[in-house]
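Welcome! Let's take a few labels one by one and see what earns each of them.

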Amino acid sequence: MSETAKIILDGKEYNLPVVEGSENEKAIDISQLRAQSGYITLDYGYKNTGSTSSAITFLDGEKGILRYRGYSIEDLAENSSFMEVAYLLIYGELPSKDVFEKFDQNIRKHTLIHEDIKKILDGFPSKSHPMGVLSSLVTTQTAFYPESLDPSRSPEGVDLSIIRILAKMPTFVAWAHKHKLGHPVVYPNVNMDYCSNMLQMMFKMPGNDYDVDPVVSNALDKLLILHADHEQNCSTSTVRITGSSRASLYASVSAGINALWGPLHGGANQAVIEMLENIKADGGDTKKWMAKAKDKDDPFRLMGFGHRVYKNFDPRARIIKKAADDVLEKLGIQDPVLDVAKGLEAEALSDDYFVERKLYPNVDFYSGIIYRALGIPVDMFTVMFALGRLPGWIAQWKEMRENSEPIGRPRQVYVGENLRPYVPLSKR
Ligand code: SDX
């Protein structure tokens, strides 16, 4: 007998089925609740509400577990590559050597973007935030590839749309960066791997050679792996609900980029560095800023701390913190902001306010330290998060479409005015 949840409403008993996942997570299926009882549930921010069942990523917030298709993030960050992880997330299995080589070559073949993108870029003032530029450039792909508007007409259409956006995103990111600097764009090099090509497009200057430092390329590849998916977070839920109206992959990814932009989500990595710089400039008095973070009358929050799911530690933060030490040592960089970060972390981990609320460093707390060491400017940090999250957004959009999920349309509890008659202007 499968488990059921019993609720009693207005003296009537209702039995709702219980769903159990492959990692023993349990949920009450309320899909028939309103039809049977007239009641809906209410859960601001969906803190206790599952929007779907998914086979892509598993998180355990209490144990600090993160797995992509069953493989631990620690295993993948240590042994895999971002392109291989992208394939795993999207298609469900680690590719054979031959399949991966074909996939990788196909990606390299599609890295070039239409020359008309330069005209679109020129329409953006140089001070434009690159996240707004990126979401716009992704949307333009619906114009250059109108067949992408409904890729599900054929499985080949979906795969081609996936390859194109995976391949072209680094070029969009690099060209947005060059546009902001007022530098000429650098074209993709099909003879380079994903991260080396990304770096040369971002940092090569006309007339100069650009030698990719393997320390930098490997650190970037690891960061992108760590950002690749994170189940039903804010931006991924945005991608899924956008795609649920049968909007195209490109339109859905563009919506996800804009959701990620917020400082409570992907925008936190930029906000962390700005916060650490402020604390350093303010004399490094971490106790003062910790007090501000705890003061309910003070809007200041300790950016890079806390998480909706991780109530122990964010496994990605642990890996990134070690990688930050490694990269700075290998590159011979002394970053005083890293010392401020470590001081803040030590204080927060022993502070009752943070311990009681289970607030620990999240993925954004240390990632900016590495991006800085790699020479990436602060306003490009969230763009790098979007680059890393793209395979996850694609995988989740594809899963939602393959499962023919219904259009997302939450309910509400109305708390506005009751019926009242119109009053003509002359009488108001
Ligand atoms: C990402 O969902 C994902 O998976 C996201 C992500 C991904 O990979 O996609 O992991 C990426 O977005 C990481 C989070 C990046 N954001 C930040 O670092 C911004 C700072 N953190 C917070 O704003 C906050 O912790 C959130 C948004 C991350 C989580 O917020 P919740 O789950 O809604 O928790 P809450 O706001 O209800 O806070 C609970 C309590 C509150 O205090 P009380 O009302 O109980 O007294 O903790 C406090 C909050 O005031 N609190 C903080 C705090 N975060 C929570 N207090 C000070 N500093 C903080 N950072």
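**Ligand and cavity**

Q: What makes the pair formed by Arg316 and the ligand a polar contact?
A: A polar side-chain atom of Arg316 sits 2.7 Å from an oxygen atom of the ligand. A polar contact is a pair of N or O atoms within 3.5 Å, so this pair qualifies. His230 has such an atom 2.6 Å from a ligand oxygen, and Arg308 has one at 2.8 Å. The protein covers 80% of the 1,100 Å² of accessible area that the ligand has on its own (Shrake-Rupley method, 1.4 Å probe).

This is a predicted model, where local features need pLDDT of at least 70, side-chain atom pairs need pLDDT 80 or more, and totals for chains, interfaces and linings use all residues. Numbering runs from 1 along each chain as its sequence is written, and side-chain values use heavy atoms, without hydrogens or water.

Q: Which residues are closest to the ligand, and how many surround it?
A: There are 25 around the ligand, the closest being His230, Arg301, His307, Arg308 and Arg316. A residue counts as near if one of its heavy atoms lies within 4 Å.

Q: Why is the space of about 70 Å³ called a cavity?
A: On a 1 Å grid over the protein atoms alone, a cavity is a set of points where a 1.4 Å probe fits but cannot get out. The count is one cavity of 30 Å³ or more, and the largest has about 70 Å³ of space. Its lining (residues with an atom within 4 Å of a point) includes Met83, Asp104 and Tyr194.

How values were computed: A polar contact is a pair of N or O atoms within 3.5 Å; within protein, one must be able to donate a hydrogen and the other to accept it, and residues adjacent in sequence count only if both atoms are side-chain atoms. On a 1 Å grid over the protein atoms alone, a cavity is a set of points where a 1.4 Å probe fits but cannot get out, and a pocket is an open set with protein on both sides within 12 Å along at least five of seven lines; lining residues have an atom within 4 Å of a point. Grid points are joined across faces, edges and corners, and a volume is the space filled by probe spheres set on the points.
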